[in-house]
There are 2 protein chains.
Amino acid sequence: MSELPPGTGGHGTSTQAVADALRERILEGTFPPGAVLRQDALAQALGVSRTPLRTALAELARDGLVTYEVNRGYAVRAFDLDDVRAAFEVRATLEALACRRAAERGLPPAALARLAACVTRGEAILGKGRLDPSDLPDYRRMNVEFHEAIIAAGGNPWVAEFVGRTRNVPLASDRVILWEDHGIILRSHDDHRRILRALADRDGHRAAGLMWEHVTRAGEILVAHIAARGQDVVPRRVGADATKGDAA
Amino acid sequence: MSELPPGTGGHGTSTQAVADALRERILEGTFPPGAVLRQDALAQALGVSRTPLRTALAELARDGLVTYEVNRGYAVRAFDLDDVRAAFEVRATLEALACRRAAERGLPPAALARLAACVTRGEAILGKGRLDPSDLPDYRRMNVEFHEAIIAAGGNPWVAEFVGRTRNVPLASDRVILWEDHGIILRSHDDHRRILRALADRDGHRAAGLMWEHVTRAGEILVAHIAARGQDVVPRRVGADATKGDAA
DNA sequence: ACGATCAATTTTGTATCCAATGTCTGGAAT
DNA sequence: ATTCCAGACATTGGATACAAAATTGATCGT
């Protein structure tokens with residue numbers, strides 16, 4: 001079916017393009033959980049040979065998006081609500097850690113300015129009193145940037161990598177809309193504001209606590225949302241923006 | 001140079017065997033940090049084709065043990081002391097989390113018995129008043145089992161995986177000997193004893209605190225050890241046991 | 001009729017081969 | 001003498017072809 005877009009990824013190597021395309025499709029839900037990935041068929045569908053496909057599959061297997069059994073091939077991994085809960089637990093813990101460390105070392109002015117800009121951007125979007133659907137991609141970008149900037153400021157590369165991995169869980173992906181209730185999103189944005197202040201004050205304890213609560217609550221809401229819709233619901237894709245792959 | 005042992009890995013597929021062999025050699029220090037890994041030469045040395053080697057290299061790259069640049073190949077990643085410090089920081093945080101959760105849910109009797117057995121084994125080894133070098137592999141196995149059992153009891157698969165990853169950092173690997181001072185090891189074992197008690201008492205706060213301190217201190221000692229010997233020191237390999245790969 | 005065994009087909013894993021890209025060396029021009 | 005460019009070499013990335021393993025189906029036996 002769907003061919004591989006011509007200049008996909010732009011990473012130069014087609015292995016990366018294939019990996020990105022597959023990641024996309026899995027996160028998007030095109031490949032349902034448990035689906036076996038036939039190498040020959042997939043390679044033909046993507047317009048490449050089996051060699052890069054195989055490498056890409058190995059990469060996704062390491063990412064935990066697909067499972068692998070020798071001589072039995074690859075299959076899309078199925079995630080359940082417990083996996084999502086666990087992912088958010090780890091994420092809350094690690095982001096809180098990053099927050100604490102960032103606050104303790106003190107953020108460079110440039111980083112503070114970046115965070116402040118994020119908050120301002122969010123204010124502009126939310127100021128309308130309602131979150132316009134067309135603003136949603138922008139808001140999500142801002143949100144991701146805010147979190148990534150803090151993680152980067154935390155200075156622990158492992159945190160960045162592991163948090164990035166938890167974002168690759170299909171159901172827990174950032175691309176899921178859960179911001180329908182304006183009250184929730186307002187509170188979330190207020191969290192950002194307070195986190196920024198705690199960081200500026202170099203109050204590690206407070207910053208960590210706020211971030212932990214912030215992420216934990218987001219997870220709770222997401223889990224409730226998924227549970228309400230039924231287990232087999234697949235997240236809808238929203239924007240056309242690609243995830244930034246490796247967190248800086 | 002060194003051929004691939006005949007039935008290596010036993011995983012059936014030679015890709016896994018190659019991956020394990022390379023991982024081993026990198027952690028062992030045979031391939032110094034920064035060394036470029038020529039595919040053709042390596043494949044010939046290991047007695048396999050370039051195809052499985054490339055797959056294995058891709059896997060190691062996702063593991064973070066080697067770096068990769070398109071059209072420029074793979075190279076052994078260089079870790080510095082900051083990486084080790086960061087790894088232990090994450091590990092302490094995550095293992096503390098696992099400890100808290102394990103204590104809160106309450107461990108099944110079987111798990112408690114396993115942990116108690118570990119403590120008893122340690123007592124037997126340490127009872128001699130000195131750590132016999134011949135007992136060291138046993139002690140290390142016990143230590144690994146103790147930590148892994150708790151992580152498993154924590155019930156968060158992500159924690160298990162991420163902690164396992166931090167163990168793949170060459171300098172921070174478990175295989176490094178740092179238990180030369182008997183006082184240190186005695187204290188470490190006492191930590192185990194107290195952690196077990198806190199778990200049995202379902203005191204999550206205490207268990208987490210103990211574990212955090214336990215791991216953090218181990219990291220400090222290791223870092224000091226490495227720093228004292230100079231940056232370019234490569235960890236010596238100790239036993240002949242393979243790391244258990246994926247943590248349960 | 002049900003089960004087991006065997007064979008054929010499908011699918012994965014590996015090796016070899018070709019193309020594309022990066023690097024290095026040598027020379028020429030400034 | 002130094003720097004820049006060009007061509008050859010080496011190394012990586014991808015594709016095709018081949019072998020081994022597994023799953024499926026059918027057939028034979030009980």
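The following legends describe close-up views of a predicted model with protein chains A and B and DNA strands C and D.

Local features were taken at pLDDT of at least 70 and side-chain atom pairs at pLDDT 80 or more, whereas totals for chains, interfaces and linings use all residues; side-chain values use heavy atoms, with hydrogens and water left out. Residues are numbered from 1 along each chain as its sequence is written, and chains are lettered from A in the order in which they are written.

**View 1. Superposition of the two protein copies.** A turn of 180° with a shift of 0.0 Å along the axis lays chain B on chain A with an RMSD of 0.1 Å (least-squares fit on the C-alpha atoms of residues with pLDDT of at least 70 in both copies). The two copies are thus related as by a two-fold rotation axis. Of the interface residues of chain B, 100% are also interface residues in chain A, so the copies meet through the same surface (contact: heavy atoms within 4.5 Å).

**View 2. Protein surface near DNA strand C.** Around DNA strand C there are 18 residues, of which Arg50(A), Arg54(A), Tyr68(A), Ser14(B) and Ser49(B) come nearest (near: a heavy atom of the residue within 4 Å of the strand). Sugar and phosphate make up 71% of the atoms of DNA strand C that come within 4 Å of the protein. At least two residues each are supplied to this surface by helix H3 (50-63) of chain A and by helix H1 (14-28) and helix H3 (50-63) of chain B (helices: DSSP runs of H or I, at least four residues; strands: runs of E, at least two; both numbered from the N terminus). The surface divides into five nonpolar, nine polar and four charged residues (nonpolar: Ala, Val, Leu, Ile, Met, Phe, Trp, Tyr, Cys and Pro; charged: Asp, Glu, Lys and Arg; polar: the others, Gly among them).

**View 3. Polar contacts to DNA strand C.** An N or O atom in the side chain of Arg50(A) is 2.7 Å from a base nitrogen of DNA strand C (polar contact: a pair of N or O atoms within 3.5 Å). Phosphate oxygens of this strand are approached by a polar side-chain atom of Arg72(B), at 3.0 Å, and by a polar backbone atom of Gln39(A), at 3.4 Å.

**View 4. Protein surface and polar contacts at DNA strand D.** DNA strand D is surrounded by 17 residues, the closest being Ser14(A), Thr15(A), Ser49(A), Thr51(A) and Tyr68(B). Sugar or phosphate provides 67% of the strand's atoms within 4 Å of the protein, and bases provide the rest. Base nitrogens lie 2.9 Å from side-chain N or O atoms of Thr51(A) and of Arg50(B). A side-chain N or O atom of Gln39(B) is 3.0 Å from a phosphate oxygen.

**View 5. The three-stranded sheet of chain A.** The strands of this open sheet run in the order S1-S3-S2, with antiparallel pairing (pairing: at least two DSSP bridges between two strands). Strand S1 (36-37) and strand S2 (66-69) of chain A are the edges, each with a single partner strand, so one side of each has no neighbour in the sheet. Four bridges join S2(A) to strand S3 (residues 73-76) of chain A. H3(A) packs on the sheet, touching S1, S2 and S3 of chain A, and its direction makes about 55° with that of S3(A) (axes: lines fitted to C-alpha atoms, for helices over the stretch in contact; angles: 0 to 180 degrees between N-to-C directions). Tyr68(A) stands opposite Tyr74(A) in S3(A).

How values were computed
Polar contact = N/O pair within 3.5 Å; in protein donor to acceptor, adjacent residues only side chain to side chain.
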